[in-house]
Amino acid sequence: MAKNTICVWYDKDAEAAAHFYAKTFPDSAVGAVIRAPGTYPAGKQGDVLVVEFTVAGIACIGLNGGPAIKHNEAFSFQIATDDQEETDRYWNAIVDNGGREKDCGWCEDKWGISWQITPRVMTEALAAGGDQAKRAFDAMLTMKKIDVGVIEAARRG
């Protein structure tokens with residue numbers, strides 16, 4: 001296990017989520033699956049307690065801690081994409097697998113985890129500043145999934 005690992009709380013589906021992420025994103029994998037050595041408030045001995053996994057190169061653990069903690073946008077995974085095809089692939093994988101669309105390139109998976117599927121052209125436009133950043137930002141505010149072509153056109157004016 002890495003020295004610093006992101007811990008993501010799940011009700012009971014950490015293993016299913018880890019397998020979905022490993023199937024969906026490159027440089028992702030499922031590692032050790034650790035079972036509870038005894039009964040605990042959200043489960044019983046032998047239940048999956050912790051799953052080690054990697055999402056796009058980031059070490060994570062999924063903790064099946066029960067329904068007490070709910071996710072919100074204060075935590076999200078941000079996936080940088082190179083083009084519309086890659087943006088569509090990740091966005092659609094999340095939304096079409098029980099997730100839901102949100103605004104400005106955000107979506108939420110069926111476990112309640114927020115994702116920012118962000119084309120690099122959007123990040124580059126904002127970093128450029130000035131009028132092109134404002135035009136790209138204004139265009140993004142009207143979107144759910146980010147449309148790379150619209151952002152590129154907004155950058156050009």
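This report walks through a predicted model of one protein chain, from its overall layout down to a few single residues.

## The whole chain

Let us begin with the big picture. The protein chain has 157 residues, of which 37% count as buried. It is built from 5 helices and 8 strands. Read from the N terminus, these elements follow the order β-α-β-β-β-β-α-β-β-β-α-α-α. Along the principal axes, the C-alpha atoms fill a box of roughly 60 × 25 × 25 Å. Contacts also tell us how the chain folds back on itself: of those between residues at least 6 apart in sequence, 55% join residues at least 24 apart.

## Helix H5 and its surroundings

Now for a closer look at one helix. H5 covers residues 148-156, and its buried residues are Val 148, Ile 151 and Ala 154. Viewed down the axis of H5, these buried residues fall within an arc of 125°, so they line one face of the helix. Here is a handy rule to go with that picture: an α-helix has 3.6 residues a turn, so residues three or four places apart point the same way. The cover over the buried residues of H5 includes helix H2 (84-95), strand S8 (114-119), helix H3 (120-128) and helix H4 (130-140).

Both ends of H5 have something to show. At the N-terminal end, Asp 147 acts as a cap, with a side-chain oxygen 3.0 Å from the backbone nitrogen of Gly 149. Just after H5 comes Gly 157, which takes a positive phi of about 90°.

## Helix H4, a neighbour of H5

Which residues of H4 are buried? They are Ala 133, Ala 136, Ala 139 and Met 140. Seen along the axis of H4, they fall within an arc of 130°, so they too line one face of their helix. On the other side of H4, Gly 130 and Asp 131 are exposed. H3 and H5 are among the elements that cover the buried residues of H4.

Arg 135 also belongs to H4. With a relative accessible area of 32%, Arg 135 is partly exposed. Leaving aside neighbours within four places in sequence, Arg 135 is in contact with Ala 154, Arg 155, Arg 156 and Gly 157. One of these partners, Ala 154, is a buried residue of H5, and another, Gly 157, is the residue with the positive phi just after H5.

## Three residues side by side

The table gathers three residues whose side chains make a polar contact.

| Residue | Relative accessible area | Side-chain polar contact |
|---|---|---|
| Thr 81 | 0% | side chain of Thr 87, 2.6 Å |
| Thr 24 | 13% | backbone oxygen of Phe 20, 2.7 Å |
| Gln 84 | 23% | backbone nitrogen of Val 148, 2.6 Å |

Thr 81 sits in strand S5 (residues 76-81) and is buried. Not counting residues up to four places away in sequence, Thr 81 touches Glu 86, Thr 87, Tyr 90, Ile 117, Thr 118, Pro 119 and Arg 120.

Thr 24 is found in helix H1 (residues 14-24). Is Thr 24 buried or exposed? Its relative accessibility is 13%, and buried means under 20%, so Thr 24 counts as buried. Beyond residues up to four places away in sequence, Thr 24 touches Tyr 90 and Ala 93. Tyr 90 is also among the residues that Thr 81 touches. For a sense of distance, Thr 24 and Ala 127 are 103 residues apart along the chain, and their C-alpha atoms are separated by 28 Å.

Gln 84 lies in helix H2 and is partly exposed. Apart from neighbours within four places in sequence, Gln 84 is in contact with Lys 145, Ile 146, Asp 147, Val 148 and Gly 149. Among these, Asp 147 is the residue that caps H5. Between Gln 84 and Phe 20 there are 21 Å in space, C-alpha to C-alpha, and 64 residues in sequence.

## The largest pocket

Finally, let us turn to empty space. How much space lies in the largest pocket? It holds about 220 Å³. The pocket is lined by 18 residues, and the closest to its centre are Asp 11, Lys 70, His 71, Trp 111 and Gly 112. Sorted by class, the lining has 5 nonpolar, 4 polar and 9 charged residues.

Technical notes:
Residues are numbered from 1 along each chain as its sequence is written. This is a predicted model: local features need pLDDT of at least 70, side-chain atom pairs count only at pLDDT 80 or more; totals for chains, interfaces and linings use all residues. Side-chain values use heavy atoms; hydrogens and water are left out. Buried means under 20% relative accessible area, exposed over 50%, partly exposed in between (1.4 Å probe, protein chains only). Helices (H or I, at least four residues) and strands (E, at least two) are DSSP runs, numbered from the N terminus. The arc is that of the directions from the helix axis to the C-beta atoms. Contact means heavy atoms within 4.5 Å. A polar contact is a pair of N or O atoms within 3.5 Å; within protein, one must be able to donate a hydrogen and the other to accept it, and residues adjacent in sequence count only if both atoms are side-chain atoms. On a 1 Å grid over the protein atoms alone, a cavity is a set of points where a 1.4 Å probe fits but cannot get out, and a pocket is an open set with protein on both sides within 12 Å along at least five of seven lines; lining residues have an atom within 4 Å of a point. Grid points are joined across faces, edges and corners, and a volume is the space filled by probe spheres set on the points. Ala, Val, Leu, Ile, Met, Phe, Trp, Tyr, Cys and Pro count as nonpolar, Asp, Glu, Lys and Arg as charged, and the others, Gly among them, as polar.
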